[in-house]
Amino acid sequence: MNYATIKLHDVANGPGVRVSLFVSGCTHRCKGCFNAEAWDFQYGKPFDGEVEQKLLEALSPAYIKGFSLLGGEPFEPCNQAELAPLLERIRQRYPQKNIWCYTGYDFEKDLLPGRLGEPSVTRRMLNCLDVLVDGRFVEDLKDLNLRFRGSANQRILDVPSSLQEGRAVLLPEYMQR
C-alpha cells in the first residue's frame, strides 16, 4: 500500500488537532475530488514500519485528540490488509484518542455486509473506528459550510452504535452546519 501524505497537525478532518494519513488508491473517482492525485494506487510513497512508527509517535502528545484516515480510499480491498493492523495498534496504544475514517463507500450497503475484500478485515477496521464519514463526494451537493464533510449526502456516523444496531447511527452534533 502507498500513502499520499501524512499531516501531523490536521485541524480539518475531525475535532481538535489530529494526525491524518491519506492513503493512495481509489476507484470511486468522484467528480470534483479534492485529492484526485491519490486515485492512483502507485501514487506517493510505500507505507512501511518506519512510517507506522512515525504515526504512532506523532499521536503521543496529549494535545493530539485523535487519528484520521482518508484517501484515496481506505476501504479499497487492497488497502484494508495494511490498515486493519495499523488501526488496531493505534486503538491499543491510544485508547483515549478517537479514530475517524472517511470513505466513499456506504456503511449499510458496502461495509456492514462485508462486500469489499475480506469481510473479517473490513470488520476489524470498523471495530477500531469511533466515527465514519461515509458516502461518495457529489460535486453538485458540495457545501463549504458543512463540518467535516464535503457534500450534503455524506453522513457522519457513530461507528460503535452503528455496529451494535446494525444500521447507520448519525452523530447529530456534526451533521449540522
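**Notebook: a walk through the predicted model**

F148 counts as buried, because its relative accessibility is 14%, under the 20% cut-off for that label. I note at the outset that this is a predicted model.

**Entry 1: F148 and its aromatic partners**

I looked up where F148 sits, and found it in the loop between strand 6 and strand 7. Its backbone caught my eye too: phi of F148 is near 60 degrees, a positive value in a residue other than glycine. I keep in mind that most residues other than glycine have a negative phi.

Next I asked how many aromatic pairs a search of the whole structure finds. It finds two. One that I followed up is formed by W100 and F148, and it is edge-to-face, with 5.2 Å from centre to centre and 75 degrees between the planes. The edge-to-face label fits because 75 degrees is over the 60-degree limit. This pair links distant parts of the chain, since W100 belongs to strand 5 while F148 is in the loop between strand 6 (131-134) and strand 7 (155-158), 48 residues apart. I checked burial for the two partners, and both W100 and F148 are buried. I also wrote down that W100, Y102 and F148 form one aromatic cluster.

**Entry 2: V131**

W100 turned up again when I moved on to V131, a residue of strand 6. Is V131 buried or exposed? V131 is buried, because its relative accessible area is 6%. I then listed what V131 touches, leaving out residues up to four places away in sequence: I99, W100, C101, I156, L157, V159 and L171. For a sense of span, I looked up V131 against M1: they are 130 residues apart in sequence and 23 Å apart in space, C-alpha to C-alpha.

**Entry 3: helix 1 against helix 2**

Two packed helices are described by the angle between their axes and the distance between the axes, so I looked up both. Helix 1 (residues 49-58) packs with helix 2 at an angle of about 30 degrees, and their axes are 11 Å apart. Helix 1 is therefore roughly parallel to helix 2, as the cut-off for that term is under 35 degrees. The crossing of the two helices is right-handed.

Which residues make the contact? Helix 1 brings E52, Q53, L55 and L56, and helix 2 brings L86, R89, I90 and R93. I sorted the residues of this contact by type and got four nonpolar, one polar and three charged.

**Entry 4: Q96, past helix 2**

Q96 lies in the loop between helix 2 (77-93) and strand 5 (98-102). Q96 counts as exposed, because its relative accessibility is 59% and the label applies over 50%. I also looked up Q96 against G66: the two are 30 residues apart in sequence, and their C-alpha atoms are 8.4 Å apart in space.

**Entry 5: two backbone notes**

Most peptide bonds are trans, so I made a note of one that is not. The peptide bond from G71 to G72 is cis, with omega near 20 degrees. G72 lies in the loop between strand 4 (64-70) and helix 2.

R29 was my other stop, in the loop between strand 2 (17-23) and strand 3 (45-46). Like F148, R29 has a positive phi in a residue other than glycine, here near 50 degrees. R29 counts as partly exposed, because its relative accessibility is 48%.

How values were computed
Residues are numbered from 1 along each chain as its sequence is written. This is a predicted model: local features need pLDDT of at least 70, side-chain atom pairs count only at pLDDT 80 or more; totals for chains, interfaces and linings use all residues. Side-chain values use heavy atoms; hydrogens and water are left out. Helices (H or I, at least four residues) and strands (E, at least two) are DSSP runs, numbered from the N terminus. Buried means under 20% relative accessible area, exposed over 50%, partly exposed in between (1.4 Å probe, protein chains only). Rings of Phe, Tyr and Trp (its six-membered ring) pair if their centres lie within 6.5 Å; planes under 30 degrees apart count as stacked, over 60 as edge-to-face and the rest as tilted. Axes are lines fitted to C-alpha atoms, for helices over the stretch in contact, and angles run from 0 to 180 degrees between N-to-C directions. Angles under 35 degrees count as roughly parallel, over 145 as roughly antiparallel, 65 to 115 as roughly perpendicular and the rest as oblique. A crossing is left-handed if the near helix is turned anticlockwise from the far one by less than a right angle, and right-handed if clockwise. Contact means heavy atoms within 4.5 Å. Ala, Val, Leu, Ile, Met, Phe, Trp, Tyr, Cys and Pro count as nonpolar, Asp, Glu, Lys and Arg as charged, and the others, Gly among them, as polar.
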